[in-house]
Amino acid sequence: MFFSLGWVTALVAGIFALHVVQQLCFPYFWKDVFYLVKVIRYGARLEIFKMTSKVVTIIDRFVQQAERIPTKPFLIYEGITYTYQDINERSNKLANVFLEQGTLKKGDSVALLMNNEPDFICVWFGLIKLGCSVAFLNTNIKSRSLLHCFNCCGAKTLVVGADLLDSLEDILPSFLEDSISVWAMKNKSSHPEVQTLLDKMDQASDKPTPPALRAATSLKAPTLYIFTSGTTGLPKAAVITHLQSLKAAAGFWAYGGSEDDVVYIPLPLYHSAASLIGVGGTIEMGATCVLKKKFSASQFWNDCRKYDVTIFQYIGELCRYLCNQPKAEGEKKHKVHMGVGNGLRQDVWREFHRRFGEIRMCELYGSTEGNLCFMNHIGKIGAVGRSNFFYKLLFKYDLVKYDMVRDEPVRNSQGFCQHVNKGETGLLLSKISASSPFFGYAGSKQLTEKKLMRNVFVKGDAYFNTGDLMAEDAEDFICFKDRVGDTFRWKGENVATTEVTEVLGMVDFIQEANVYGVEIPGNEGRAGMAAIIVRPECEFSGKKLFDHVLNDLPGYARPLFIRLQESMEMTGTFKQQKFNLVESGFNPSTICNPLYFLDCSEKSYVPLTNKLYGSILAGEWKL
């Protein structure tokens with residue numbers, strides 16, 4: 001009796017001791033385990049697809065859900081609810097229109113130019129049911145870029161939204177010259193060369209098309225082309241395979257989402273976050289999504305309360321826009337428990353929690369075309385993901401030393417890259433292998449090859465170059481530092497634009513800041529410049545800003561020039577546009593916005609006049 005009691009006591013004490021040790025030394029052990037189990041389960045399912053002829057794609061999953069839960073709301077748009085069956089049947093109608101017309105065949109590529117609306121999804125699904133690949137076109141691109149996109153993906157058919165048709169008037173003749181047929185989501189068209197779809201869909205059958213048309217023989221077959229946001233230069237068409245679509249669709253589920261969730265999608269559907277993670281994730285869970293035509297900070301929380309939203313998507317500056325809204329009563333009265341996205345700055349993260357409650361913010365990292373994904377399943381503020389020993393066995397990535405002067409990775413005497421130490425910032429590279437393939441860009445082997453780095457650690461190896469500077473801390477949390485292109489060098493030092501932006505954001509009269517580097521003739525590197533928006537109720541103070549940057553930024557990181565703007569140019573995915581700002585420089589005779597210069601003798605930012613500009617170019621100022 002005493003022996004057994006002592007044995008039980010010793011066992012309990014041992015378990016308790018192990019628990020204490022685990023909590024002290026491995027505090028995230030069980031969260032890591034549960035997350036990895038999910039990843040491995042989903043990965044095993046994809047591997048089974050690879051080894052068998054039964055390839056189940058996203059559209060297959062949607063059809064399965066439409067049969068399983070036909071009357072469940074799938075999509076809510078502007079107060080109207082569409083069930084899984086509604087969207088399935090309407091997408092069948094569109095597929096049957098093209099099937100009857102005989103204009104499309106399996107394997108064709110079709111371009112889609114539409115704003116957020118239910119028919120975007122119906123057209124997307126309908127074309128996939130015919131076995132076509134769909135190219136999502138950014139609705140903000142202009143004529144030159146639009147023609148470039150067609151050349152990239154090889155599309156000979158365009159489906160355009162009714163509200164965007166007029167924007168194509170200037171380039172319709174070019175489409176005709178290139179034998180591109182244009183179909184508009186309208187009943188009638190004033191352009192004789194444009195065919196209409198809505199009238200034909202009204203007459204079409206909603207019966208399913210033959211499953212053989214949509215059947216995929218390989219997970220590595222292309223299903224979409226999604227164009228990069230184009231912060232610089234022309235957009236690139238990233239090849240999206242069924243494998244990538246399925247991986248992205250598992251995001252909400254991996255974070256603990258379920259069929260009871262209502263997902264709010266305010267991002268443009270032509271972007272992978274909204275289409276692959278948002279819509280795809282809703283399908284995977286069998287949940288409901290609320291689609292917003294365009295993000296509105298003032299309507300966001302009203303929508304969340306109205307539709308009982310539980311998960312929302314964000315990207316870039318969206319959360320900061322919400323924090324900039326006037327404070328109101330009951331800001332924490334909602335059912336939102338999770339936000340999924342990327343680009344959330346630490347200061348905004350904390351303010352968001354303070355204003356709107358302890359919503360679990362699930363940062364993730366991954367480019368549209370990339371072969372690597374990080375997920376911050378712990379929820380640590382400032383981290384985009386978390387790694388560990390087992391994760392590194394599954395996903396081969398490395399952080400290597402990067403030379404900012406030469407704008408290239410540092411290589412040793414043997415020509416190989418060098419690993420950074422723990423906690424140091426390095427260029428993120430992801431190894432290309434059979435389990436982590438890189439599918440590149442459509443229409444350009446040169447662009448695809450440009451994203452690869454070869455002979456990184458051994459002869460013959462190949463890595464995907466993310467172009468991102470990252471750091472991994474002692475606890476294996478991964479933090480984004482900057483884009484290589486967004487980091488510039490001044491006075492022999494590297495300046496990280498995100499860090500300077502965060503410091504400027506602390507000034508009470510600054511609503512938004514966009515930091516970049518500009519060239520000054522006769523000087524090496526780039527001098528810091530910031531485009532800022534002043535809060536409506538405030539005035540710009542050169543003296544206050546000077547004091548702030550003097551106290552909080554090292555000399556090399558202080559912006560020499562300030563440009564006041566009424567609004568900030570953004571990409572369609574809420575990323576700040578820097579390219580045009582960099583190109584325009586700091587010449588007051590060509591820039592209509594007020595410009596200021598950091599004058600140490602006046603201890604203030606002073607107006608940048610033509611005379612002052614000339615003296616800077618003449619080298620009369622010690623910069």
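Here is a short tour of one sheet and one helix pair in this predicted model.

**Stop 1: the sheet**

Start by selecting residues 510-518, which make up strand β26, and residues 604-607, which make up β30. These two are the edge strands, each with a pairing partner on one side only. Now fill in what lies between: the open sheet has five strands, in the order β26-β27-β28-β29-β30, and the pairing is mixed. If that word is new to you, strands of a sheet pair through backbone hydrogen bonds, either parallel or antiparallel. Turn the view a little and look at how the strands line up: neighbours in this sheet are turned by 30 degrees against each other on average, ignoring direction.

**Stop 2: one pair of strands**

Zoom in on residues 595-599, strand β29. How many bridges join β29 to β30? There are four, and the two strands run antiparallel. Click on Phe-597, and you'll find Val-606 of β30 standing opposite.

**Stop 3: a helix on the sheet**

Next, select residues 542-552, helix α19. This helix packs on the sheet and touches β26, β28 (561-564), β29 and β30. Compare directions, and α19 makes about 140 degrees with β30.

**Stop 4: two helices together**

Jump to residues 58-68 (helix α3) and 84-101 (helix α4). They pack with their axes 8 Å apart, at an angle of about 130 degrees. Angles over 115 and up to 145 degrees count as oblique, so that is the word for α3 and α4. Their crossing is left-handed.

Which residues meet here? Show side chains for Phe-62, Val-63, Gln-65 and Ala-66 in α3, then for Tyr-84, Ile-87 and Asn-88 in α4. Sorted by type, the residues of this contact are five nonpolar, two polar and no charged.

Definitions and conventions: Residues are numbered from 1 along each chain as its sequence is written. This is a predicted model: local features need pLDDT of at least 70, side-chain atom pairs count only at pLDDT 80 or more; totals for chains, interfaces and linings use all residues. Side-chain values use heavy atoms; hydrogens and water are left out. Two strands pair if DSSP finds at least two bridges between them. Axes are lines fitted to C-alpha atoms, for helices over the stretch in contact, and angles run from 0 to 180 degrees between N-to-C directions. Contact means heavy atoms within 4.5 Å. Angles under 35 degrees count as roughly parallel, over 145 as roughly antiparallel, 65 to 115 as roughly perpendicular and the rest as oblique. A crossing is left-handed if the near helix is turned anticlockwise from the far one by less than a right angle, and right-handed if clockwise. Ala, Val, Leu, Ile, Met, Phe, Trp, Tyr, Cys and Pro count as nonpolar, Asp, Glu, Lys and Arg as charged, and the others, Gly among them, as polar.
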